[in-house]
Structure formats: structure tokens, C-alpha cells
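Work through the exercises below with the sequence and the coordinates at hand, and try each task before reading its solution.

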Amino acid sequence: MDTIDYYNEKKWCDGCGDYVRFLMSVDHSYCVHCGTLVRLFNKQDWEAFHAAVDQSRQARAQGPNKGRRRVRAS
């Protein structure tokens with residue numbers, strides 16, 4: 001079983017321009033350095049994440065046998 005290391009988890013801070021440690025409240029997370037609201041990814045990483053998800057969805061939608069001809073058993 002994988003363990004989660006909450007003490008080293010980081011999120012993107014626009015104020016600092018980097019992935020930083022954060023304090024989490026019930027609704028939001030805040031940078032420990034400048035207090036700015038943080039988010040999971042920066043814009044570039046967010047777009048790359050969504051591109052990978054879309055690619056995975058397309059691959060699953062095609063299915064394992066999509067595009068292959070069936071061969072009749074003799």
C-alpha cells in the first residue's frame with residue numbers, strides 16, 4: 001500500500017510563481033509563504049494533464065478490437 005506524505009505535498013501559487021507547501025482550510029488552500037490562494041496545477045501543467053486525460057478517453061472509446069478485422073475460424 002502506498003503512503004501519502006501530506007507534509008511534502010505541494011500546489012501551485014501564482015503569487016510565488018512556484019509549487020509550494022500550503023495550508024488547507026475546509027474550502028480553499030493557501031500558500032505558506034505569501035498567503036495567496038493556491039491551486040493544484042499551473043496553467044501549462046493543467047493543459048498537459050487534460051490532454052493526457054482526453055487521449056486516454058479516446059483510447060478507451062476505441063476499445064481493444066476497434067479497427068481490427070475479424071478472422072473466421074475454420
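The exercises that follow concern salt bridges and a nonpolar surface patch.

The model is predicted, so that local features need pLDDT of at least 70 and side-chain atom pairs count only at pLDDT 80 or more, while totals for chains, interfaces and linings use all residues. Residues are numbered from 1 along each chain as its sequence is written, and side-chain values use heavy atoms, with hydrogens and water left out.

**Exercise 1.** Find how many salt bridges there are, taking a salt bridge as a side-chain nitrogen of Lys or Arg within 4 Å of a carboxyl oxygen of Asp or Glu.

*Solution.* The count comes to 2 salt bridges. In one, aspartate 14 pairs with arginine 39, with 3.0 Å between the closest N and O atoms. This pair links distant parts of the chain, 25 residues apart, since aspartate 14 sits in the loop between strand S1 (11-13) and strand S2 (18-20) and arginine 39 in strand S5 (residues 38-39). Another joins arginine 57 to aspartate 54 at 4.0 Å, N to O; these residues are 3 apart in helix H1 (residues 43-62), and therefore about one helical turn separates them. Helices (H or I, at least four residues) and strands (E, at least two) are DSSP runs, numbered from the N terminus.

**Exercise 2.** Classify aspartate 14, arginine 39 and tyrosine 30 as buried (under 20% relative accessible area), exposed (over 50%) or partly exposed (in between), with a 1.4 Å probe and protein chains only.

*Solution.* Aspartate 14, at 48%, is partly exposed, and arginine 39, at 38%, is partly exposed as well. Tyrosine 30, in strand S4 (residues 29-31), has 34% relative accessibility and therefore counts as partly exposed.
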